[in-house]
Amino acid sequence: MKPKYPIDSLTIHTDLVLPSETNPLNNLFGGELLARMDRAASIAARRHSRRIVVTASVNHVAFNRSIPLGSVVTIEAKVSRSFRSSMEVYIDVWIEDRESGGRAKANEAIYTFVAVDETGRPTEVPPIEPQSDIEKIRFDAALRRKQLSLVLAGKMNPHDATELKALFL
Ligand SMILES: CC(C)(COP(=O)(O)OP(=O)(O)OC[C@H]1O[C@@H](n2cnc3c(N)ncnc32)[C@H](O)[C@@H]1OP(=O)(O)O)[C@@H](O)C(=O)NCCC(=O)NCCS
């Protein structure tokens with residue numbers, strides 16, 4: 001299959017935080033943000049694979065900063081690495097300052113999607129070639145994260161997680 005670039009899958013979703021989406025502190029519910037990120041990430045995975053995709057795992061979510069009511073929230077999702085049928089999608093979440101228009105990073109997350117055929121069976125996806133420095137860093141670390149995710153899901157024996165073990169040796 002012809003390789004693709006991370007930029008080919010870039011998906012940008014901008015939306016407001018409405019009162020029905022907030023907690024008692026008037027900040028965005030974590031679950032609402034997870035759902036928005038899942039949607040953007042699934043579109044990115046679909047753009048990379050041009051297949052039906054399903055969420056296999058939410059590998060990492062860092063709610064570093066609360067997002068107040070009325071905020072303009074932008075979610076940027078891009079495939080950071082593809083394997084045989086799975087794709088790691090990296091998500092950056094930004095909030096826009098109303099007065100200056102400047103952006104501040106609020107959160108980030110990493111999801112894994114799997115491309116499947118019409119019967120739900122995993123199917124091959126194109127390889128990916130990172131271009132920018134940040135894309136190369138994310139690409140390089142993705143195998144380690146895949147192994148960690150599989151170990152935590154009980155789908156890989158920790159002894160076989162070579163990339164992960166190399167961190168500690
Ligand atoms: C995701 C799913 C297709 C994987 O099926 P499976 O029988 O485990 O298939 P495989 O073992 O062949 O794994 C397929 C790929 O997924 C990867 N994978 C499976 N579970 C994973 C996990 N927890 N973390 C990271 N990758 C995972 C495998 O490593 C493999 O990757 P590769 O082909 O790129 O090497 C299957 O579990 C499924 O359909 N789950 C439900 C998905 C869904 O409904 N999501 C929405 C939740 S509401």
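1. A good place to start is the ligand: 18 residues surround it, and Phe83, Arg84, Ser85, Ser86 and Ser149 come nearest (a residue counts as near if its C-beta atom, placed from the backbone, lies within 6 Å). Two or more residues of this shell come from each of strand E2 (52-62), strand E5 (103-116) and helix H2 (133-152). E2 gives the most, with four residues. Helices (H or I, at least four residues) and strands (E, at least two) are DSSP runs, numbered from the N terminus.

2. Please keep in mind that this is a predicted model: local features need pLDDT of at least 70, side-chain atom pairs count only at pLDDT 80 or more, and totals for chains, interfaces and linings use all residues. Residues are numbered from 1 along each chain as its sequence is written.

3. Now to the sheet, which is open and has five antiparallel strands in the order E1-E3-E4-E5-E2; strands pair if DSSP finds at least two bridges between them. Strand E1 (11-16) and E2 stand at the edges with a single partner strand each, so one side of each lacks a neighbour in the sheet.

4. Looking at one edge, E1 runs antiparallel to strand E3 (residues 72-82) and is joined to it by six bridges. Ile12 has Glu76 in E3 as its bridge partner.

5. Helix H1 (residues 30-49) packs on the sheet and touches E1, E2, E3, strand E4 (86-96) and E5; contact here means C-beta atoms, placed from the backbone, within 7 Å. H2 also packs on the sheet, touching E2, E3, E4 and E5.

How values were computed
Two residues are in contact if their C-beta atoms, placed from the backbone, lie within 7 Å. Axes are lines fitted to C-alpha atoms, for helices over the stretch in contact, and angles run from 0 to 180 degrees between N-to-C directions.
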